Amino acid sequence: MSSVPASNLPRTPDSHVTELSETGFSMQSRPSWQRQLANAIRSSTELLAALGLPVPNPPASGTPQESTATGFPTLVPISFLNRMEFGNADDPLLKQVLPTSAENLSVAGFVSDPVNDEAARIAPGLLQKYAGRVLLIATGACAVHCRYCFRRDYPYQQEPRTAEDWQPAINRIANDHSITEVILSGGDPLILNDDRLSSLCRQLDAISNIERLRLHTRLPIVLPDRVTSSLLNLLTSLRSQTIVVVHSNHGNEIAGDCEDALKRLVRSGIPVLNQTVLLHGINDSVEALETLSRRLVNAGVIPYYLHHLDRVQGAAHFESDRDLGIRLLQELRKRLPGYAVPQFVEEIPGEPGKTLI
């Protein structure tokens with residue numbers, strides 16, 4: 001497995017690179033993905049310091065702060081940090097993961113459950129919104145805490161944790177022959193170790209009516225070393241067709257170890273799609289979206305959806321204008337082949353599928 005090229009590390013003074021190495025954060029040593037997760041950045045102070053940025057004191061609205069009223073903590077893997085630009089407070093990757101006091105603002109229309117997950121719960125850990133497919137909340141844990149996450153307030157503590165806890169959901173799937181696809185989500189299903197993930201996948205794969213297993217995950221983007229040979233062996237050994245949907249928002253994410261991981265997934269024969277969220281000041285320009293699509297396609301990943309922001313409380317400052325999104329897609333169609341242009345969609349509770357904008 002190749003190490004991160006120097007060109008993909010933050011543009012930092014030599015002292016910063018040395019510091020990362022001395023603290024075990026350098027990707028050159030290639031620790032296991034579990035060790036990398038254990039060494040992830042867990043405070044905004046630590047994140048800003050690693051990038052040579054000052055910590056405002058006291059924080060003003062829209063500026064970094066250590067915690068937010070929602071208690072949604074900072075979590076950033078070092079691989080993702082290494083793709084940020086040293087000294088750049090406007091780095092588009094940094095802005096996705098750095099807490100700000102804007103998250104504490106109460107804005108009309110922004111709620112704790114913007115996609116109505118609670119109403120879709122048909123068994124412990126099992127949601128159904130659309131015909132023929134269900135979503136399993138495989139875990140409440142992620143490898144990164146994106147500040148716009150639509151499930152940041154989801155009651156994960158109420159969902160299954162043991163194999164026995166999962167049995168009612170698995171029975172429900174097996175007894176409903178109209179269900180042909182299971183989506184593993186969360187949290188992030190690839191946070192599960194190989195044994196637990198294999199056990200869950202193989203139980204679902206043994207259900208005769210299941211034709212496809214779909215994994216929605218951010219780990220190949222933010223913690224690429226999770227894409228191990230054992231994971232690929234699992235995903236390619238199932239009877240059901242496996243599909244992986246990753247989540248990347250900016251072209252700068254598709255570099256170095258991330259690009260390598262995506263190519264390993266694609267070249268193993270697994271269809272890989274990408275979902276993006278349109279984010280104000282991060283990717284709401286035709287140049288940003290074009291670069292992202294080009295880099296995804298060059299890695300073998302198909303741009304799938306561009307989502308209008310789910311209106312979760314604490315994320316109003318990320319919302320971009322809907323009409324701007326329409327204009328951006330119109331311009332992308334002039335610049336890119338059709339397979340490289342995502343569909344612009346939003347999730348409207350009660351609708352039978354994603355709604356095209």
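Which residues lie nearest the centre of the largest cavity, and how many residues line it? I began with this point, keeping in mind that the model is predicted.

**Entry 1, cavities.** I searched the whole structure and found two cavities of 30 Å³ or more. The largest cavity has a volume of about 90 Å³, and I counted 13 residues in its lining, with Thr276, Leu292, Ser293, Pro303 and Pro342 nearest its centre. When I looked up which elements give two or more residues to this lining, I found S7, helix H11 (286-298), S8 and helix H12 (322-335). By class, I noted ten nonpolar and three polar residues in the lining of the largest cavity, with no charged residue among them.

**Entry 2, the largest pocket.** I then turned to the largest pocket, for which I noted about 1100 Å³ of space. Its lining is made up of 41 residues, and those closest to the centre are Phe150, Arg151, Ser185, His216 and Gln275. I looked up the elements that give two or more residues to this lining and listed strand S2 (126-130), strand S3 (133-139), strand S4 (181-186), strand S5 (212-217), strand S6 (241-247), strand S7 (272-277) and strand S8 (302-307). Of these, S2 gives the most, with four residues. I also recorded the classes in the lining of the largest pocket, which are 20 nonpolar, eleven polar and ten charged residues.

**Entry 3, the sheet.** In what order do the ten strands of the open sheet run? I read the order as S1-S2-S3-S4-S5-S6-S7-S8-S9-S10, with mixed pairing. The edge strands are S1 and strand S10 (355-356), each of which pairs on one side only.

I followed S2 and S3 in more detail, and found that they pair in the antiparallel sense over three bridges, with Tyr130 standing opposite Arg133 in S3. The two strands form a hairpin with two residues between them, and in the turn I noted Gly132, which has a positive phi of about 85 degrees. S3 is mostly covered, since I found six of its seven residues to be buried.

On to the next pair, where S3 and S4 run parallel and are joined by six bridges, and where Leu135 stands opposite Ile183 in S4. I traced the chain from S3 through helix H6 (residues 163-175) to S4, and recorded this β-α-β crossover as right-handed. S5 and S6 also run parallel, with six bridges joining them, and I noted that the bridge partner of His216 is Val245 in S6. I had already met His216 as one of the residues closest to the centre of the largest pocket.

**Entry 4, salt bridges.** I counted 20 salt bridges in the structure, and looked at three of them in detail. Lys129 forms one with Asp117, and the closest N and O atoms are 2.7 Å apart. Lys129 lies in strand S2 and Asp117 in the loop between helix H5 (94-97) and strand S1 (121-123), so I noted that the pair ties together parts that are twelve residues apart in sequence. Are the two residues buried or exposed? Lys129 is partly exposed, with a relative accessible area of 28%, whereas Asp117 counts as buried because its relative accessibility is 2%, and the cut-off for buried is under 20%.

Asp117 also forms a salt bridge with Arg151, for which I noted 2.8 Å between the closest N and O atoms. This pair links distant parts of the chain, with Asp117 in the loop between H5 and S1 and Arg151 in the loop between S3 and H6, 34 residues apart. Arg151 counts as buried at 6% relative accessibility, and I had listed Arg151 among the residues closest to the centre of the largest pocket.

For the third pair, I found Glu181 in a salt bridge with Arg214, the closest N and O atoms being 2.8 Å apart. Glu181 lies in strand S4 and Arg214 in strand S5, 33 residues apart, and the pair links distant parts of the chain. Glu181 is buried, with a relative accessible area of 7%, and Arg214 counts as buried at 11% relative accessibility. Finally, I checked which residues are joined by salt bridges that share partners, and recorded one network of Asp117, Lys129, Arg151, Glu347 and Lys354.

Conventions
Residues numbered from 1 in each chain as written. Predicted model: local features only at pLDDT ≥ 70, side-chain atom pairs only at ≥ 80, totals over all residues. Heavy atoms only, no water. 1 Å grid on protein atoms, 1.4 Å probe; cavity = no way out; pocket = protein on both sides within 12 Å on 5 of 7 lines; lining within 4 Å. Points joined across faces, edges and corners; volume = space filled by probe spheres on them. Nonpolar A, V, L, I, M, F, W, Y, C, P; charged D, E, K, R; others polar. Buried < 20%, exposed > 50% of the residue type's maximum accessible area, 1.4 Å probe, protein only. Pairing = 2+ DSSP bridges. Right-handed = clockwise from strand over helix to strand, strands pointing away. Salt bridge = Lys/Arg side-chain N within 4 Å of Asp/Glu carboxyl O.
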